[in-house]
Amino acid sequence: QDIDKIRNNKMEEASMPYRYMGNCGMKVSRIGFGTWLNYHSQEEEDNLLKLMKRAFELGINYFDNAEMYGSGGSEIAMGNCLKKLGWERKDYVLLTKLFRYDIKAHDNSNFLSRKHIIEGT
């Protein structure tokens with residue numbers, strides 16, 4: 001039924017299904033909002049803000065990112081939008097993926113070293 005409402009552009013009447021993430025008791029929307037784009041201008045970030053706001057209004061509470069998207073620019077843009085939107089932290093789940101590989105770097109900023117995980121979260 002909800003799929004038909006979505007197909008007929010009646011999103012407000014559809015209800016977002018949620019499921020538990022693993023066994024931690026956290027409920028996340030079955031559909032997440034992710035970004036892989038590079039945000040280099042205020043206009044692009046403003047568009048991201050509008051999209052995130054609309055996704056949240058439709059029940060999406062799961063936002064996905066990665067440190068290598070835009071060399072971290074995507075995470076920064078999403079963080080700026082979250083700050084502007086002023087949502088309570090308990091109302092959304094923010095996921096990022098850590099795995100930066102810089103062939104020139106010979107330190108702990110690559111892969112999944114403890115230092116990289118701590119600094120990246």
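This is a walk through the fold, an aromatic cluster, three buried loop residues and one pocket of the structure above. Please keep in mind as you read that the model is predicted.

Let's start with the overall layout. The chain is built from four helices and five strands, and if you follow it from one end of the sequence to the other, these elements come in the order α-β-β-β-α-β-α-β-α. Of its 121 residues, 31% count as buried. The outer surface amounts to about 8800 Å², with carbon and sulfur atoms supplying 53% of that area. The contacts tell you how parts of the sequence meet: among those with a separation of 6 or more, 58% are between residues 24 or more positions apart.

A good place to see such a meeting is among the aromatic side chains. The structure holds four aromatic pairs. One of them joins F63 and W87, whose rings sit 5.6 Å apart, centre to centre, with 35 degrees between their planes, an arrangement that counts as tilted. F63 belongs to strand β4 (residues 62-66), while W87 lies in the loop between α3 and β5, so this pair ties together parts of the chain that are 24 residues apart in sequence. Both rings belong to buried residues. If you now widen your view, you will find F63 and W87 in one aromatic cluster together with F33, F56 and Y92.

From here, step to the loop between α2 (42-57) and β4, where you will find N61. Is N61 buried or exposed? Its relative accessible area is 11%, and because buried means under 20%, N61 falls in the buried class. What does N61 touch, once its neighbours within four places in sequence are left aside? The contacts are Y18, K27, V28, S29, D91, Y92 and V93. Y92 in that list is also a member of the aromatic cluster. As for V93, its C-alpha lies 5.9 Å from that of N61, although the two residues are 32 apart in sequence.

Two more loop residues are worth picking out on your screen. Y69 lies in the loop between β4 and α3, and with a relative accessibility of 16% it counts as buried. The C-alpha atoms of Y69 and K97 are 9.7 Å apart, and 28 residues separate the two along the chain. L98, in turn, is found in the loop between β5 and α4 (114-120). L98 is buried too, at 16% relative accessibility. Its C-alpha is 6.4 Å from that of A66, a residue 32 positions away along the chain.

Finally, let's look at a space between the atoms. Rolling a probe the size of a water molecule over the atoms shows where empty space is left. In this model, the second largest pocket holds about 150 Å³ of space. Which residues lie nearest the centre of this pocket? They are N65, E75, L94, L95 and T96, out of 10 residues in the lining. Two elements, α3 (73-85) and β5 (93-97), each give two or more residues to that lining, and α3 makes the largest contribution, with four residues. Sorted by character, the lining of the second largest pocket has five nonpolar residues, four polar ones and one charged one.

Key:
Residues numbered from 1 in each chain as written. Predicted model: local features only at pLDDT ≥ 70, side-chain atom pairs only at ≥ 80, totals over all residues. Heavy atoms only, no water. 1 Å grid on protein atoms, 1.4 Å probe; cavity = no way out; pocket = protein on both sides within 12 Å on 5 of 7 lines; lining within 4 Å. Points joined across faces, edges and corners; volume = space filled by probe spheres on them. Nonpolar A, V, L, I, M, F, W, Y, C, P; charged D, E, K, R; others polar. Phe/Tyr/Trp six-rings, centres within 6.5 Å; stacked < 30°, edge-to-face > 60°. Buried < 20%, exposed > 50% of the residue type's maximum accessible area, 1.4 Å probe, protein only. Contact = heavy atoms within 4.5 Å. Areas by Shrake-Rupley, 256 points an atom, 1.4 Å probe, with all protein chains shown as cover.
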